[in-house]
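This report describes how the bound ligands are held by the protein. The sequence and the structure are shown first.

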Amino acid sequence: MEDKIREVARLIANAKKVVVFVGAGLSTESGIPDFRSPGGVWDKYDPADFDFHNFLTRESSREKYWQMATEMYEAMRDAKPNAGHLAIAELERLGKLDCLITQNIDGLHFKAGNSETRVFELHGTAMHVACLDCHRRYERDPIQERIAAGDRAPRCDSCGGPLKPATISFGQSMPERETAEAFRRSAECDLFIVIGSSLVVYPAAQMPVEAKRSGAKLVIINRDATPCDKIANVILNGPAGQIMESILQKVKEERV
Ligand code: NAD
Ligand code: ZN
């Protein structure tokens, strides 16, 4: 493990363009459950209730969705960035981060100090709510106050359209600008680091493949195996926070 940490630190120190790609596993150490681990979201809820078509067409699905989304949001709202988030923010401060592509919706990268311009949120954000008809955006907390007061599926003040957390559900299209930019930067980087993602959700999981095909080195830091392990240059299986903290310490040593 020690050797691999040193190797990754050296790769970062020598790279010109580092892209970091993260999934729900980065935030489990902040107390936010991921989807696929035991005790994760899929153990508790039916994936059909996350389906966008159902949300659009049935009031009962919208109510169910808001009930689940409220539970998940409560875990996210008060969560604090962990050592992994802080290490990625530190990479940016050191000038070693081209961009951060995140599948997470918890807003923790911004709490850790990453800047808006460097973060691409592929699956949107739970910190805002959007009207599906007129696209008006709202802060999340005031909408949660309506829920707490008994509104089971809130509607837009401007047009009466259905409100939904500004996250991407199954069956809902990915944000165009973020997805295009994430693919472009994946193909242009020379080091691509995956942290805490099972790499089974597409098209996001295509990005490490794209990076590798374009000549980048690929590092995977994840507790469990992933389908991309066979093309990775370095694989670190373990807790993301601790591993990232150790890597960052070595990066700083390499630079002095
Ligand atoms: P996933 O649930 O499919 O996989 C998470 C991976 O992280 C697993 O392979 C697991 O082995 C690993 N992992 C868990 N804890 C870890 C730790 N402490 N250290 C290292 N590895 C750890 O997550 P995914 O691939 O990101 O995709 C699921 C989708 O769920 C994403 O699209 C995302 O939008 C959504 N989601 C987001 C959040 C969040 O914002 N925090 C939480 C749950 C789900
Ligand atoms: Zn509206």
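A polar contact is taken here as a pair of N or O atoms within 3.5 Å. By that criterion, His123 makes a polar contact with ligand 1, since an N or O atom of its side chain is 2.5 Å from an oxygen atom of the ligand. The model is a predicted one. Ser197 and Asp224 also place polar side-chain atoms by oxygen atoms of ligand 1, at 3.0 Å and 2.6 Å respectively.

| Side chain | Partner | Distance |
|---|---|---|
| His123 | oxygen atom of ligand 1 | 2.5 Å |
| Ser197 | oxygen atom of ligand 1 | 3.0 Å |
| Asp224 | oxygen atom of ligand 1 | 2.6 Å |

Ligand 1 exposes 850 Å² when taken alone, and the protein buries 95% of that area. The surroundings of ligand 1 comprise 26 residues, the closest being Arg36, Gln103, His123, Ser198 and Asp224.

The zinc ion (ligand 2) is bound through the SG atoms of Cys131, Cys134, Cys156 and Cys159, which lie 2.3 to 2.4 Å from the metal. The spacing of these donor residues in sequence is C-x2-C-x21-C-x2-C. Cys131 belongs to strand 4 (residues 124-131), whereas Cys159 sits in the loop between helix 7 (140-148) and strand 6 (163-167); the pair therefore ties together parts that are 28 residues apart in sequence. Cys131 is buried, with a relative accessible area of 1%, while Cys159 is partly exposed at 40%.

Which arrangement do the four donor atoms around the zinc ion (ligand 2) adopt? The arrangement is tetrahedral, because the angles they subtend are 99 to 115 degrees and the criterion requires all angles to lie between 85 and 135 degrees. For four tetrahedral donors, the ideal angle at a metal is 109.5 degrees.

Conventions. Residues numbered from 1 in each chain as written. Chains lettered and ligands numbered in written order. Predicted model: local features only at pLDDT ≥ 70, side-chain atom pairs only at ≥ 80, totals over all residues. Heavy atoms only, no water. Donors = N, O, S within 2.8 Å, 3.2 Å for Na, K, Ca; no water. Tetrahedral: all angles 85-135°; square planar, octahedral: opposite > 155°, others 65-115°. Helix = DSSP H or I, 4+ residues; strand = E, 2+ residues; numbered from the N terminus. Buried < 20%, exposed > 50% of the residue type's maximum accessible area, 1.4 Å probe, protein only. Near = heavy atom within 4 Å. Polar contact = N/O pair within 3.5 Å; in protein donor to acceptor, adjacent residues only side chain to side chain. Areas by Shrake-Rupley, 256 points an atom, 1.4 Å probe, with all protein chains shown as cover.
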